[in-house]
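This briefing goes through one protein chain by topic. Please have the sequence and the 3D view open while reading.

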Amino acid sequence: MSSRNIQSPFPADDADRNQIWEMLVPRDIAAFVAADWSMVQDDFKADGFYAIDACKSDDPDDWKMMFPDLAAYRDEWLRQAIVAQEIDYAEDLFDGVFVPPTFRKSISPAIVHWCANISTAP
């Protein structure tokens, strides 16, 4: 894992966004790079879980309901993590995935927009 300083960008007294940051950024990236679901499994509430695939688009009209339950999401997460380990990247995978997400306040659960631009080695 990278030695990059991954300190939360939020004020120390903003406990909610700091906890979301810790869960979604350093912990999730470390788990993904290690392809180790057990590092993040307790971050999810299985009952009523669903997830949307943004299909690499900023346009919500393009988004699709792809994961009807946590098991479907976990399986795809693990598949992608394993594939990522097999690729020769031009940079450290953790550094490549690490892009500070944008957090927006919402009445509904947190909305997180997260993009990673990772280059493969020549």
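The points below cover overall layout, confidence, the first helix, the nonpolar cores, the salt bridges and one loop residue.

The model is predicted, and the protein chain has an average pLDDT of 78. The chain contains 3 helices and 4 strands. Of its 122 residues, 26% count as buried.

**Overall layout**

- Along the sequence, the helices and strands of the protein chain come in the pattern α-β-β-α-α-β-β.
- Take the contacts in the protein chain between residues at least 6 apart in sequence: 53% of these join residues at least 24 apart.

**Confidence**

- A pLDDT of at least 70 is reached by 72% of the residues in the protein chain.
- Helix H2 (residues 70–85) has the highest confidence, at a mean of 93.
- Strand E3 (residues 102–104) has the lowest confidence, at a mean of 47.
- Over residues 101–111 the pLDDT stays under 50, and the model gives this stretch 20 contacts beyond four places in sequence.
- Residues 113–122 also have a pLDDT below 50, with 32 contacts in the model beyond near neighbours in sequence.
- Predicted coordinates should not be read in detail where pLDDT is low.

**Helix H1**

- H1 covers residues 15–34.
- Does the length of H1 agree or disagree with what its residue count predicts? At 1.5 Å a residue, its 20 residues should span 28 Å, and the end C-alpha atoms are 27 Å apart, so the two agree.
- H1 has a kink of about 35°, and the kink is centred on Asp 28.
- Asp 28 is one of the buried residues of H1. The buried residues of this helix also include Asn 18, Trp 21, Val 25 and Pro 26.
- Ile 29, Ala 30, Ala 31 and Phe 32 are buried in H1 as well.
- Just after H1, Ala 35 has a positive phi of about 55°.

**Nonpolar cores**

- In soluble globular proteins, nonpolar side chains tend to be buried together.
- The largest nonpolar core here has 14 residues.
- Which members of this core touch the most other members? They are Phe 32, Trp 37, Val 40, Trp 77 and Ala 84.
- H1 and H2 each supply at least two residues of this core, and H2 gives the most, with 4 residues.
- Trp 77 has contacts outside its neighbours within four places in sequence, among them Phe 32, Trp 37 and Val 40. Trp 77 also contacts Asp 28, where the kink in H1 is centred.
- The other such contacts of Trp 77 are Ala 31, Ala 35 and Asp 36.
- There is also a second, separate core of 6 residues, which includes Trp 21, Ile 29, Ala 30 and Phe 94.

**Salt bridges**

- How many salt bridges does the structure hold? It holds 5 salt bridges, and some of them are described here.
- Arg 27 and Asp 43 form a salt bridge through their side chains, at 3.0 Å from N to O. This pair links distant parts of the chain, with Arg 27 in H1 and Asp 43 in the loop between H1 and strand E1 (51–53), 16 residues apart.
- Arg 27 counts as partly exposed because its relative accessibility is 30%. Asp 43 is also partly exposed, with a relative accessible area of 25%.
- Lys 45 and Asp 47 form a salt bridge in which the closest N and O atoms are 3.8 Å apart. Both Asp 47 and Lys 45 are exposed.
- Arg 74 and Asp 75 meet in a salt bridge at 2.9 Å, N to O. Arg 74 is partly exposed, with a relative accessible area of 30%.
- Asp 75 lies in helix H2 and is partly exposed, at 43% relative accessibility.
- The C-alpha atoms of Asp 75 and Trp 37 are separated by 9.4 Å, although the two residues are 38 residues apart along the chain.

**A buried loop residue**

- Ser 57 lies in the loop between E1 and strand E2 (64–67).
- Is Ser 57 buried or exposed? Ser 57 counts as buried because its relative accessibility is 16%, and the cut-off for buried is under 20%.
- Beyond its neighbours within four places in sequence, Ser 57 is in contact with Asp 62 and Trp 63.

How values were computed:
Residues are numbered from 1 along each chain as its sequence is written. This is a predicted model: local features need pLDDT of at least 70, side-chain atom pairs count only at pLDDT 80 or more; totals for chains, interfaces and linings use all residues. Side-chain values use heavy atoms; hydrogens and water are left out. pLDDT is the predictor's confidence in each residue, from 0 to 100. Contact means heavy atoms within 4.5 Å. A salt bridge is a side-chain nitrogen of Lys or Arg within 4 Å of a carboxyl oxygen of Asp or Glu. Buried means under 20% relative accessible area, exposed over 50%, partly exposed in between (1.4 Å probe, protein chains only). A nonpolar core is a set of buried Ala, Val, Leu, Ile, Met, Phe, Trp, Tyr and Cys residues joined through side-chain atoms within 4.5 Å. The expected span of a helix is 1.5 Å times one less than its number of residues. The bend at a residue is the angle between axes fitted to the seven residues ending there and the seven starting there.
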